[in-house]
Amino acid sequence: MKKYKNIKLFLIFLTLFTVAFSSSLSFLPFQFSIAIAQNNSKAEADRLRQQGEQQLAAGQYALGSNSLEQAMRMYQQIGNIDMVNQLRDRLILLYRLRGIFDKLQELVSENNQENVKEESQKPLDEHQLTPSIQQLIDQGFIRQNKQNFLGAEGYFQQALSQAKIIGREQDRIRTLEVFGGFYLYKGDFVKALAHLKLAEKLSTARYHAFKKSGNSSAYDYDDEIQRNLIPILLLISETYLQKQQPSQALPYLQKADAITPGIIFYIDGDIGGGYKNFKDSALYFSRVHYSLGNYKQALNYARRSIDIGEAMQIRYDKLVWEMANINNEGDFGNGQGRVLAGLALEKLGQLKEAEQELRQATQIFENIRKRSRFQGYTQHIFKLFNNQVRANALLQRVLLAQNKPAEALAASEWGRTRLLVEAASAPSDISLKERVEALVKIVYPREIMIQQIAGEIRRYFDSFPPGLDHQYNRQDISLADRINFDAEDVRRYVNSFPPGVDRVYNRQGEAILLSDIVNFDYEKEAEARIQSKTKMWLDAVTENPAALDQLATLASRTTSDIKPPDIKQLQQTARSHQTTLVQYSIISETTFFHPSSLPGYYDNLHWNTFPGEPEKLVIWVIKPTGEIISRQIDLKEKNINLKNLVTNTRQTMGLNRSIGVSLKPGAEVPENLNRSSSGVPAQEQLKQLHKLLIEPIADLLPTNPEAKVVFVPHQELFLVPFAALIDSQNNYLIEKHTILTAPSIQALEITRQKQQKQTQPGKIALVVGNPTMPTITLPNQPSPIQLRNLPGAEREGKEVAQFLNTKFLTGDKATKNEVLKQLPQARYIHLATHGLLEDYASFGIPGAIALAPSKIDNGLLNASEIQELNLTAELAVLSACDTGGGNITGDGVVGLSRSLIVAGVPSIVVSLWAIPDLETADLMVEFYRNFQEHKLDKAQALRQAMLTIKKDYPNPLYWAGFTLIGQSK
């Protein structure tokens, strides 16, 4: 049969070939060119796919996913559908695990196009959304999470308009709820209440209709409560809390509490649905009573939240862990409950007890974050970490109230740059087996495995028939043992049997000796299971690399075992650096913490929602001797708006920007900058900042101008140009001190360790100056633009290359591909080009360096791509605009500078604003002359360069825009 089939195919081919040949001989070369082009395209697609697989295997997920997507597009062009589907499925998994929802939505839409008609014809149940409305809401959420409120509002408005036209109750209730939540988190409380109260009215009517109707099932009734009414009531309560009208929240909370099922409903319910729908009104009651000054009632509700939250967390750990979902991973109330208990106890004057609660809360939040299954989802991890940051701020306040400044400093360090420090200190270049072992350690923690084993033994007793199970009262044990039946509980239960009973039988008549249960080695069994899991995953990954994506998303790095800092470690850092350390902390109070699941399907809410108003500024100074001194400024009492002061200072210097991209001048300065030629307003603002930030500690700083001072900013203080602060004698701070900065004291120590480990630093210098500029898309602008040419940066690159005895890359030669090839071998990195602040890779880490585009990339080297590299450079200089910028988080500035620290660079020079082209070139030449010819260390070289340029250009705009992060030597 196969023989005849082949003959038939040959005859068809021969017929077609004859027709084509006889009709036009000139057509033949065209056919051959198509075949050659397709072969070339397939070869290139295969190369990109293999490259992507290698990058993913090395933990380079930003680069690897980009390579796979390029390969997928090429396979689409040549019609290789099987490979397209294979790569699309893997990319969908990668993007979902990392929260890259814009790219995920695009691929999912492509994947579902052929099923749209079929899906649209399926009947919807009462609580399902119409698919078109769900898509609009999803698009709105994507934009809201990126702080694109204008775009989000447009999609939500479309969803609401469609819901009115379609006429389904569920569509209208949900869109009103979503729109109300949008306005709540945007801060427009009037519109929030208007939408939410209408949604509540519709849902309440529907709830009563289901309750009265004999045709509706209990499922409809429960679903209306869980999916609609309770979340809407809690969103209304949250709105009144944020409006500072807590008493008006109480009626809505009471209504929600009256219809909320007990904890058994969630404990015994559907695993995924129960956790997704779980909402604890006790947390809201505690917050409301705290705001009203009813601290004892706030404490009582907080205790209730702790009990419920612990029960939910234990069941989650035992039964849901391997099926973890991004929408139900987080705090179930025991963490926030302890924070609220700590706040209430602080107000009641019980400071020691408040400290204990806040320390426990911080540890709970850290445990949740470190055990997350979604470490590659940057925004989710920032959200989990922000709970820890907020709890730590309150812990600092309580410690300072007890006159424990050194312990408060340690708490401050515990609540900053933990993600950076853990990522930078984790080992890299590990084998596949080591990587799988590390991931299994995260996914299957030993303590949870032991709890699961104990639960299995308890369920063995559950299988006893009545009368053969001793005095085992299932009703008495239904909650406590069902939730938290650990190894010790098993032993106590077995020891309670009467003397002479040595065994029990289950329903199948199988016997088990009680002594075997008592002496059971849980540790050994847990270890055996972990080893089994390790082998299972290693076999799966060896057979199919994509299986590693399903295991976890920790890239190529294992978890770090770094512990929270203690006072002695911080003192030792100052001694080992022989440096004065100055750390700032802005303490704010907020009762809003991210729970495991927010009402209103807002689980992807921005990590820094409702941060609270700053109350105190604390400054610690650690002298080179290790002595710790602290000073405090009451911002509330002095009516100082620190954020406005920093913003106004930058604006008077001409540094405000209205878009999320900054261009290295050489391009035209935007008209809205309006830089002051006299600099008088800026001087006054810089003096105010000096008075606030430096004067309180001026007596503690070194008098030798060459002695180094490392400033550790916090929040908006990362935007302060410390070198340009002016004292009462009109002296700039750089004239009196040699200045460095660091994201935290721990991060400073990590950069020192990185430097010490560089036994074989890179051998080349990588210098880029004025590459051929790529085309980019700016926020809220429909048409892409090409970045302007930078001739000054080209001159800068050429002169810097001479100091470093290397050739520099410029024009079309300065491609992203070429730079990526040279980066791992570079000892010195100098990039003079445009700096961008947007997250063009969508991996949650903003910032990009503009390089020459090519056929295989757009020319943007993204911060997320840099972070995944293993670099051996001693120094990286990003001579571009705002390269020290990014998202200011509890983990410091998340951007290019952070990515370089994680990648292994111990010393980084970055800019704080849109630096001027000509003067920057002069500054960089002076810096490298001091560093290479005069043999000054990096901090002294930068200081002397600033002082030299200042003589010719007194305005700090021209010389104070750079800062050295990390090590000076």
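1. In this predicted model, Ala765 stands opposite Tyr828 of strand 13. The pairing to which this contact belongs joins strand 9 and strand 13 (residues 826-832) in the parallel sense, over six bridges.

2. Strand 9 has a further partner to consider. With strand 12 (residues 808-811), strand 9 again pairs in the parallel sense, here over three bridges. Within strand 12, Leu809 is the residue that stands opposite Val768.

3. Is strand 9 largely enclosed, and by what? Of its eight residues (764-771), seven are buried, so the strand is largely enclosed by the rest of the structure.

4. The nonpolar interior merits separate comment. The largest nonpolar core comprises 110 residues, and Tyr584, Leu617 and Leu693 are the members that touch the most others. A second core, separate from that one, has 47 residues, including Phe141, Phe182, Ile225 and Ala249. In soluble globular proteins, nonpolar side chains tend to be buried together.

5. Internal space should also be examined. Rolling a probe the size of a water molecule over the atoms shows where empty space is left. In this model the count comes to eight cavities of 30 Å³ or more. The largest cavity has a volume of about 330 Å³, and the second largest holds about 190 Å³.

6. Thirty residues line the largest cavity, and those nearest its centre are Phe718, Thr741, Leu912, Thr963 and Ile965. At least two lining residues come from each of strand 8 (738-741), strand 19 (892-894), helix 38 (896-903), helix 40 (938-952) and strand 21 (962-966). By class, the lining of the largest cavity consists of 22 nonpolar, five polar and three charged residues.

7. The second largest cavity has a lining of 20 residues, with Leu283, Tyr284, Gln336, Pro595 and Ser597 nearest its centre. Helix 11 (218-242) and helix 15 (281-292) each contribute at least two residues to this lining. Which element gives the largest share of the lining of the second largest cavity? That element is helix 15, with three residues. The lining of the second largest cavity divides into 11 nonpolar, four polar and five charged residues.

8. Two backbone conformations deserve a check. Most residues other than glycine have a negative phi, and most peptide bonds are trans. Phe610, although not a glycine, has a positive phi of about 50°. Phe610 lies in the loop between strand 3 (580-589) and strand 4 (613-622). Its relative accessibility is 13%, under the 20% limit, and Phe610 therefore counts as buried.

9. Asn639 likewise is not a glycine and has a positive phi, of about 55°. The loop that holds Asn639 runs between strand 5 (628-634) and helix 31 (642-652). Is Asn639 buried or exposed? At 71% relative accessibility, which is over the 50% limit, Asn639 counts as exposed.

10. A final point concerns Gly59, which is found in the loop between helix 2 (27-57) and helix 3 (61-78). Because its relative accessibility is 1%, Gly59 counts as buried. How far apart are Gly59 and Leu869 in sequence and in space? They are separated by 810 residues in sequence, while their C-alpha atoms are 8.7 Å apart.

Methods
Residues numbered from 1 in each chain as written. Predicted model: local features only at pLDDT ≥ 70, side-chain atom pairs only at ≥ 80, totals over all residues. Heavy atoms only, no water. Core = buried A, V, L, I, M, F, W, Y, C linked by side-chain atoms within 4.5 Å. Buried < 20%, exposed > 50% of the residue type's maximum accessible area, 1.4 Å probe, protein only. Helix = DSSP H or I, 4+ residues; strand = E, 2+ residues; numbered from the N terminus. Pairing = 2+ DSSP bridges. 1 Å grid on protein atoms, 1.4 Å probe; cavity = no way out; pocket = protein on both sides within 12 Å on 5 of 7 lines; lining within 4 Å. Points joined across faces, edges and corners; volume = space filled by probe spheres on them. Nonpolar A, V, L, I, M, F, W, Y, C, P; charged D, E, K, R; others polar.
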